[in-house]
Amino acid sequence: ASYVDQCGYSALHYACWDRNAPIESVVRPLVDAHPPAARFGNGKGRTPLHLACWRGSDAAVLAVLDRCPDAASVPDVNGKVPLTDACRRFQSAKVLRALVAAHPP
């Protein structure tokens, strides 16, 4: 769970990018196995939470926030936190509330 490939992606990045990744059997165990992976930025500083927000995976967003709420505070190289992606991609009110609670503006 701590391995990062040559592009800076961890297994958690890939799981959060895949909208169909099973949350209970893939995403949560990856976060539990190595919580710091939730804060790993790829080459552009984008964390698994950024990717889940961009792809529209409410369940992945909530799973990462549940285990690692401070991941909501990690900016990418452009200074954008995951909440920015969630707003740009019209995520659910539940996700937006959870992100704001984890990282108040």
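**Side-chain interactions in a predicted model**

Let me begin with a histidine: the side chain of His 13 comes to 3.0 Å from the backbone nitrogen of Ser 10. This is a polar contact, meaning a pair of N or O atoms within 3.5 Å; within protein, one must be able to donate a hydrogen and the other to accept it, and residues adjacent in sequence count only if both atoms are side-chain atoms.

A word on the conventions. The model is predicted, with local features needing pLDDT of at least 70 and side-chain atom pairs counting only at pLDDT 80 or more, while totals for chains, interfaces and linings use all residues. Residues are numbered from 1 along each chain as its sequence is written, and side-chain values use heavy atoms, with hydrogens and water left out.

To return to the histidine, His 13 is placed in helix 1, and Ser 10 belongs to the segment before helix 1 (11-17). Helices here are DSSP runs (H or I, at least four residues), numbered from the N terminus. Are these two residues buried or exposed? His 13 is buried, its relative accessible area being 0%, and Ser 10 is likewise buried at 0%. The classes are as follows: buried is under 20% relative accessible area, exposed is over 50%, and partly exposed lies in between (1.4 Å probe, protein chains only).

Which residues surround them? With neighbours within four places in sequence set aside, Ser 10 is in contact (heavy atoms within 4.5 Å) with Tyr 3, Val 4, Ala 37, Phe 40 and Pro 48. On the same basis, the contacts of His 13 include Gly 8, Phe 40, Asn 42, Arg 46, Pro 48 and Leu 51.

I turn to the aromatic rings. One aromatic pair is present in the structure. It is formed by Tyr 9 and Tyr 14, whose ring centres are 5.4 Å apart with the planes at 35°, so the pair counts as tilted. The rule pairs rings of Phe, Tyr and Trp (its six-membered ring) if their centres lie within 6.5 Å; planes under 30 degrees apart are stacked, those over 60 are edge-to-face, and the rest are tilted. Both tyrosines are partly exposed, Tyr 9 at 25% relative accessibility and Tyr 14 at 46%.

Two tryptophan rings carry an arginine charge. The charged end of Arg 55 sits over the ring of Trp 17, at 4.3 Å from the ring centre. Over the ring of Trp 54 sits the charged end of Arg 89, 4.2 Å from the centre. The criterion is NZ of Lys or CZ of Arg within 6 Å of the ring centre and within 35 degrees of the ring normal.

Next, the cysteines. How many disulfides are there? The count is zero, a disulfide being a pair of cysteine sulfur atoms within 2.5 Å. For Cys 7, the closest cysteine sulfur is that of Cys 16, at 17 Å, which is too far for a bond. Cys 53 is also in no disulfide, with the sulfur of Cys 87 nearest at 9.0 Å. Cys 7 is partly exposed at 44% relative accessibility, whereas Cys 53 is buried at 0%.

Finally, the salt bridges. Side chains of opposite charge can pair when their charged atoms come close. The whole structure contains seven salt bridges, each a side-chain nitrogen of Lys or Arg within 4 Å of a carboxyl oxygen of Asp or Glu.

I shall describe three. Arg 28 and Glu 24 form a salt bridge at 2.9 Å, N to O. They are four residues apart in helix 2 (residues 23-33), which means a separation of about one helical turn. Arg 28 is buried at 16% relative accessible area, while Glu 24 is exposed at 58%.

The second joins Arg 67 to Asp 32 at 2.6 Å, N to O. It links distant parts of the chain, since Arg 67 is in helix 4 (residues 58-67) and Asp 32 in helix 2, 35 residues apart. Arg 67 is partly exposed at 35%, as is Asp 32 at 42%.

The third is between Asp 70 and Arg 39, at 3.3 Å, N to O. Asp 70 lies in the loop between helix 4 and helix 5 (82-88) and Arg 39 in the loop between helix 2 and helix 3 (48-55), so this pair ties together parts 31 residues apart in sequence. Asp 70, at 38%, is partly exposed, and so is Arg 39, at 32%.

One network, built from salt bridges that share partners, joins Glu 24, Arg 28, Asp 32, Asp 66 and Arg 67.

Conventions
Helices (H or I, at least four residues) and strands (E, at least two) are DSSP runs, numbered from the N terminus.
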